[in-house]
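Hi everyone, thanks for having me. I'll walk you through one structure today, so let's put it up on the screen.

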Amino acid sequence: MRARSLVSALCAALICSVCASLPALAKPDPRPDVPLGQTLPIPPKALRIVVAGAGGPMANPARTAQSIAVLADQNMLLFDCGPATSRNIDIQRLPTGRLTQVFFTHYHSDHITDFGEVRLASWIAGRAVPLAAHGPTGLADVMDGFEKVYAKDIAYRAAHHGPAVLAPEGAALDVREFAPPAGEDLLKVYENGELRVFAFSVDHRPADPAVGYRVEYGERSVVISGDSAVTPSLLRASRGADILFADGLAKMMIAHMANMAEAAGNTRMGKLLADIPSYHMSPLEAAALARDAGVKELVFVHVTPPLTSPPMEDIYLTGVAGIFKGETAIAADGMVFTLPR
């Protein structure tokens with residue numbers, strides 16, 4: 001608790017020490033008011049993206065750990081399952097019973113922790129087919145762990161409610177591990193009609209392997225960078241994308257926090273903070289990549305550090321407007337984007 005309190009204090013102190021210039025802000029859909037018992041509709045011939053979790057590993061009530069839902073043609077796909085994902089997709093009234101595919105970018109805890117709860121929630125909501133889990137090398141080990149942890153819970157629910165309510169097939173996992181593509185290559189890992197998902201390698205070492213994803217639906221496309229430094233593969237995968245959901249760690253803010261922690265005598269926290277920037281993109285780096293790739297809209301996710309006030313959001317975006325001329329947004333939990341065909 002003391003470490004989290006220090007992080008909050010260091011973030012607040014930044015408001016008085018840095019000034020900002022603002023880019024043109026993206027215009028996500030108004031937050032839908034979906035009645036209890038109903039789910040967010042999947043519009044016909046459109047790609048709808050819902051930010052289930054917009055933050056990084058540092059606690060923040062507005063931005064929980066990363067998860068992005070993609071809805072198209074009555075399909076629900078989920079990219080990463082950070083802590084609170086299951087809670088968020090329930091609050092956001094997403095059509096969880098239609099979730100059949102989950103894609104992992106890498107295996108840090110803030111991207112996988114809630115997979116077990118998401119799996120249960122989608123089964124309870126009516127999913128009657130195995131849940132397909134996609135991810136780079138190492139996925140089978142991770143899924144084996146979840147299988148062991150949740151085996152008793154699944155057995156209890158199956159015995160309690162019976163197969164007419166909880167289809168036995170829905171309790172199963174379909175593990176689809178793939179070798180990360182080499183260099184700048186894109187690897188098609190999923191296709192259903194006009195909906196296609198491609199994986200590409202990124203650099204999040206020592207978390208290796210790590211990938212990002214490009215989702216295409218007809219002529220529409222979105223890219224999810226995952227956690228990564230700038231790489232040629234990410235640049236190639238992002239070319240012409242309607243939206244780039246980019247890893248965004250404000251390195252200047254983190255460096256300021258690390259210096260303040262050191263000055264306060266907390267060398268351990270200072271070291272932890274100083275280590276973080278090496279395997280993430282800053283908002284400025286993501287803006288330059290989006291510009292060079294011809295991206296139409298740039299949305300920052302995995303937002304770090306926690307932004308606890310509008311002035312801190314302004315600080316986070318400092319300099320972005322001078323690099324990227326398209327629309328920009330700092331994602332928040334529940335933000336919705338719709339791309340009509």
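Let's get one term straight before anything else: a salt bridge here is a side-chain nitrogen of Lys or Arg within 4 Å of a carboxyl oxygen of Asp or Glu. Also keep in mind that what you're looking at is a predicted model.

Okay, salt bridges. Have a look at Arg157 and Asp153, whose side chains meet in one, with 2.5 Å from N to O. That fits the definition, because the cut-off is 4 Å. And how far apart are these two along helix α5? They're 4 residues apart in that helix, which covers residues 139-161, so about one helical turn separates them. As for accessibility, Arg157 is partly exposed at 30%, and Asp153 is partly exposed too, at 24%.

Next pair: Glu216 and Arg196. Their side chains also form a salt bridge, 2.5 Å from N to O. Here the partners sit on two strands: Glu216 is in β9 (residues 211-217) and Arg196 is in β8 (residues 195-201), so the bridge ties together parts that are 20 residues apart in sequence. Glu216 is buried, with 15% relative accessibility, while Arg196 comes out as partly exposed at 29%. There's a third player as well, since Arg196, Arg214 and Glu216 are linked in a network of salt bridges.

Now for a pair with a big gap in the sequence. The side chains of Arg63 and Glu313 meet in a salt bridge at 3.1 Å, N to O. Arg63 is in the loop between β1 (46-53) and β2 (67-72), and Glu313 is in helix α10 (residues 310-316), so this pair ties together parts that are 250 residues apart in sequence. Arg63 is buried, with a relative accessible area of 5%, whereas Glu313 is partly exposed at 26%. And how many salt bridges turn up in the whole structure? The search finds 12.

Let's move on to a helix. Is α4 mostly enclosed or mostly open? Well, 7 of its 10 residues (115-124) are buried, so the rest of the structure largely encloses it. Among those buried residues are Phe115, Leu120 and Trp123, and Arg119 is on the list too. After α4 comes Gly126, which has a positive phi, near 120°.

Two single residues before I finish. The first is Ser233, in helix α6 (residues 232-238). What does its side chain reach? It goes to the backbone oxygen of Ser201, at 2.4 Å. Ser233 is buried, with just 4% relative accessible area. If you skip the neighbours within four places in sequence, Ser233 is in contact with Gly183, Glu184, Phe200, Ser201 and Val202.

The other is Pro283, which lies in helix α9 (residues 283-293). Pro283 counts as buried because its relative accessible area is 4%, and the cut-off for buried is under 20%. Which residues does Pro283 touch, once you leave out those up to four places away in sequence? They are Gly248, Leu249, Ala250, Phe300, Tyr316 and Val320. And here's one more for Pro283: Leu317 is 34 residues away in sequence, yet the two are 6.8 Å apart in space, going C-alpha to C-alpha.

That's my tour, thanks for listening!

Technical notes
Residues are numbered from 1 along each chain as its sequence is written. This is a predicted model: local features need pLDDT of at least 70, side-chain atom pairs count only at pLDDT 80 or more; totals for chains, interfaces and linings use all residues. Side-chain values use heavy atoms; hydrogens and water are left out. Buried means under 20% relative accessible area, exposed over 50%, partly exposed in between (1.4 Å probe, protein chains only). A polar contact is a pair of N or O atoms within 3.5 Å; within protein, one must be able to donate a hydrogen and the other to accept it, and residues adjacent in sequence count only if both atoms are side-chain atoms. Contact means heavy atoms within 4.5 Å.
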